[in-house]
Amino acid sequence: MEVIASSPGKTILFGEHGVVYGKKALAVAISPRVRAKVSSNDSLGVNVKSEALKLNHLSTYNSQTKKWAPTPPDMLTSIYVAIENIGKETGNIDLMNNLLLEITSDLPVGSGVGSSAATATATLAALNQWWGTNLSLEKISELAFLSEEITHGKPSGIDNTVSTFGGLISFEDGTIESYSLSYSLPLVVADSGVPKQTSLQVQKVITMKQQKPEIVAEILDAMHELSERAIPAIHNKNLKTLGDLMNLNHELLVSLGVSHEKLDSLCEIARKAGAVGAKLTGAGGGGTIIALAPSFNDVETIVKALKLEGATIISSEISIEGVKIEQY
Ligand code: MEV
């Protein structure tokens, strides 16, 4: 028997970093997904294989010491934390032997498109199905948040929320609102190839906030305001306004020191190729940009221009579906 669960990646349309301080952000799930397959094997513990991370590791959970032995490699810690947390939550903590968890992903790792959150939610959903426990989506998202804390230090919770629930959501101080879109956003998500570390970028803002509290507070307030204004613009399909708001959001992120010259130049190239707006998305410092085309007919020109600059296109499709069981 085997169980496969999958979760979408995400892109933040507005409000990254501000969302860490309780400001409003808007995010959308994208079509590339992470898959977690659970099956049994003869290993005395939990064997995690990640194709993307090129890791194959076996650890056993010791209920006395409450530790995994041997200690999992750093890159797999958040996955083992997810397994431990769902094991405790469902009363299966002492039954975690002979398990094989295989992770495969369409998402690049460390690019700001929510690969770590999607890995955690897919893992949790697969184990939930494997054990026949009936954890709610809210609980899966909550447990994935604990794994995000391992990966990012001070996560807002937006990534695990989008990969759990899918679609378009707003997130403010833990309050989630889902929006249905009556049309598809012509959005291009492109990876700069510059590696980034979310925790480092989040720390940069924490430090700047300590040094210049009033200025940073105003920048964060302005980001909140952009998210507020984006909601009616999306609703009314006012893509020009939405694009202007994205450009402004990018400049605010630049002023927080979380952009990168490659991200700035990719945004500029997308605009020159016809995008009505472009911005970095996620933590910044590298990773991904998003560009909004005036219509789907214009997507190809923008994609071509970004590719010529060395970017990899991750997606131009939004996913309505959040975490789901693919096979059991
Ligand atoms: C993460 O995708 C974006 C940040 O806002 C951090 C977070 O919300 O956890 C930088």
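Reader: Where does Asn98 lie?

Author: The model shown is predicted; its residues are numbered from 1 along each chain as the sequence is written, local features need pLDDT of at least 70, side-chain atom pairs count only at pLDDT 80 or more, and totals for chains, interfaces and linings use all residues. Side-chain values rest on heavy atoms, with hydrogens and water left out. Helices (H or I, at least four residues) and strands (E, at least two) are DSSP runs, numbered from the N terminus. Phi of Asn98 is near 55 degrees, a positive value in a residue other than glycine, and Asn98 lies in the loop between α1 and β6 (99-105).

Reader: Is Asn98 buried or exposed, or partly exposed?

Author: Buried means under 20% relative accessible area, exposed means over 50%, and partly exposed is in between, with a 1.4 Å probe and protein chains only. Because the relative accessible area of Asn98 is 32%, Asn98 is classed as partly exposed.

Reader: In which loop is the place of Lys237?

Author: Lys237 is another residue other than glycine with a positive phi, near 55 degrees. With a relative accessible area of 49%, Lys237 is partly exposed. The place of Lys237 is in the loop between α6 (213-235) and α7.

Reader: Which residues are around the ligand?

Author: A residue is placed around the ligand if one of its heavy atoms lies within 4 Å of that molecule. By this rule, the residues are Lys10, Ile12, Glu16, His17, Val19, Val20, Pro155, Ser156, Ile158, Asp159 and Ala283.

Reader: How many nonpolar residues does the shell around the ligand have?

Author: Ala, Val, Leu, Ile, Met, Phe, Trp, Tyr, Cys and Pro count as nonpolar, Asp, Glu, Lys and Arg as charged, and the others, Gly among them, as polar. On this basis the shell has three charged and two polar residues, and its nonpolar residues number six.

Reader: How far is an N or O atom in the side chain of Ser156 from an oxygen atom of the ligand?

Author: A polar contact is a pair of N or O atoms within 3.5 Å; within protein, one must be able to donate a hydrogen and the other to accept it, and residues adjacent in sequence count only if both atoms are side-chain atoms. A polar side-chain atom of Lys10 is 3.0 Å from a ligand oxygen, and the side chain of Asp159 places an N or O atom 3.1 Å from a ligand oxygen. For the side chain of Ser156, the distance to an oxygen atom of the ligand is 2.5 Å.

Reader: What share of the accessible area that the ligand has on its own does the protein cover?

Author: Accessible areas come from the Shrake-Rupley method with a 1.4 Å probe; for residues, only the protein chains shown count as cover. On its own the ligand has 290 Å² of accessible area, and the share covered by the protein is 97%.

Reader: Which elements give two or more residues to the shell around the ligand?

Author: Among the shell residues are Lys10, Ile12, Ile158 and Asp159. The elements that give two or more residues to this shell are β1 (2-14) and α4 (158-165).

Reader: How far does the backbone oxygen of Ile12 lie from a polar atom of the side chain of Thr281?

Author: Thr281 lies in strand β10 (residues 277-281). Because its relative accessibility is 1%, Thr281 counts as buried. The separation between its polar side-chain atom and the backbone oxygen of Ile12 is 2.8 Å.

Reader: What is the length of the polar contact that joins the side chains of Ser259 and Asp264?

Author: Ser259 lies in the loop between α7 (239-255) and α8 (261-272). At 15% relative accessibility, Ser259 counts as buried. The polar contact between the side chains of Ser259 and Asp264 has a length of 2.6 Å.

Reader: What separates the C-alpha atoms of Trp68 and Val19?

Author: Trp68 belongs to strand β5 (residues 67-69). Trp68 is buried, because its relative accessible area is 9%. Along the chain, Trp68 and Val19 are 49 residues apart, and their C-alpha atoms are separated by 33 Å.

Reader: What is the omega of the peptide bond from Ala69 to Pro70?

Author: Pro70 lies in the loop between β5 and α1 (74-90). The peptide bond leading to Pro70 from Ala69 is cis, with omega near -10 degrees.

Reader: By what distance are the C-alpha atoms of His224 and Leu13 separated?

Author: His224 has its place in helix α6. Its relative accessible area of 16% makes His224 buried. His224 and Leu13 are 211 residues apart along the chain, while their C-alpha atoms are separated by 12 Å.
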